[in-house]
Amino acid sequence: GTIQVDTGSIILDGRDITRLPEFKRAAYLGRVFQDPMMGTAATMQIEENLALADRRGKRRTLHPGITQADRERYIEQLKILDLGLENRMTAKVGLLSGGQRQALTLLMATLQKPELLLLDEHTALDPKTAAKVLEATQRIVEKNRLTTMMITHNMRDAITYGNRLIMMYEGHVAVDVSGEEKRHLTVEQLLELFSKASGSDEADDKLLLS
């Protein structure tokens, strides 16, 4: 909903969401942006951010914002990230590192178990933190059986994670592999497939180093 399409349709589980505004699409989609600062409210506490995400799309009431049961559930969810954030529930999110904020955004995006989780280069972080965020992503996606689309320029991650790999070139699908073919791919083989399909090897060096 952020940018309207020029042509075509967006169908999600049989539902046409092409023209839905962003706030209505939020009922079906979870999103994690490339910029760790975009998915959280810096001046609010960790538990307050989680409470906002937890209540997305629900009716507002006069009940207490965060109950003890909520707090205990958030603590258990935060443990999945393996970053110690469950011990910092009242810390302001603006005090967290970029990687910690990104991991928190991931958790917030999946609290309501969206029909589709969109990950927009969400591991553009330092290598150690990126690995932790990817591990947490895999645990959350598998535990909740979430349909997920992960956009990445890291060829190794593209091969390792997920059950289908699509490479785009100039707005068109150049490579589409899945199953056994995907599992046995190497980076070099993937780049060869891309070069043959696109008729271009201009991105090979860049992709190989990603």
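The paragraphs below go through this predicted model from the whole chain down to single residues.

The chain contains 9 helices and 7 strands. Its C-alpha trace spans about 60 × 40 × 30 Å along the principal axes. Of the 210 residues in the chain, 38% are buried. The surface that the chain exposes comes to about 12700 Å², and carbon and sulfur atoms supply 52% of that area. The chain also carries 28 positive and 30 negative charges, and the mean positions of these two sets are 9 Å apart.

Contacts show how parts of the sequence meet in the fold. Taking the contacts between residues at least 6 apart in sequence, 57% join residues that are at least 24 apart.

Helix α4 is a useful element to look at next. The helix runs over residues 98-110, which is 13 residues. From the first C-alpha of α4 to the last is 19 Å, close to the 18 Å expected at 1.5 Å a residue. How many of the residues of α4 are buried? The count is 12 of 13, and the helix is mostly covered. Among the buried residues are Leu104, Leu106, Leu107 and Met108, and the list also includes Arg101, Gln100 and Gln102. Which elements do the buried residues of α4 pack against? Two are strands, β3 (29-32) and β4 (116-120), and the others are the helices α2 (46-54), α3 (68-79) and α5 (127-144).

After α4 the chain passes through a loop to β4, and lysine 113 is found in this loop. Lysine 113 is not a glycine, yet its phi is positive, at about 50 degrees. The loop between β4 and α5 holds glutamate 121. Glutamate 121 likewise has a positive phi of about 50 degrees without being a glycine. Its relative accessibility is 21%, so glutamate 121 counts as partly exposed; the cut-off for buried is under 20%.

Threonine 123 also has its place in the loop between β4 and α5. Is threonine 123 buried or exposed? Its relative accessible area is 16%, so threonine 123 is buried. Apart from neighbours within four places in sequence, threonine 123 is in contact with Ala130, Val133, Leu134 and Asp157.

Another threonine, at position 160, gives a contrasting case. Threonine 160 sits in helix α6, which covers residues 155-160. With a relative accessible area of 54%, threonine 160 is exposed, because exposed means over 50%. Threonine 160 and threonine 7 are 153 residues apart along the chain, and their C-alpha atoms are separated by 33 Å.

The last feature is a pair of aromatic rings. The structure holds 1 such pair. It is formed by tyrosine 169 and phenylalanine 194, whose ring centres are 5.8 Å apart. Why is the pair called edge-to-face? The ring planes of tyrosine 169 and phenylalanine 194 stand at 80 degrees, and planes over 60 degrees apart count as edge-to-face. Tyrosine 169 belongs to strand β6 (residues 164-169), while phenylalanine 194 belongs to helix α8 (residues 187-198). The pair therefore ties together parts that are 25 residues apart in sequence. Both tyrosine 169 and phenylalanine 194 are buried.

Note on methods:
Residues numbered from 1 in each chain as written. Predicted model: local features only at pLDDT ≥ 70, side-chain atom pairs only at ≥ 80, totals over all residues. Heavy atoms only, no water. Helix = DSSP H or I, 4+ residues; strand = E, 2+ residues; numbered from the N terminus. Buried < 20%, exposed > 50% of the residue type's maximum accessible area, 1.4 Å probe, protein only. Contact = heavy atoms within 4.5 Å. Areas by Shrake-Rupley, 256 points an atom, 1.4 Å probe, with all protein chains shown as cover. Lys, Arg positive; Asp, Glu negative; His and termini not counted. Charge placed at Lys NZ, Arg CZ, Asp CG, Glu CD. Phe/Tyr/Trp six-rings, centres within 6.5 Å; stacked < 30°, edge-to-face > 60°. Expected span 1.5 Å × (residues − 1).
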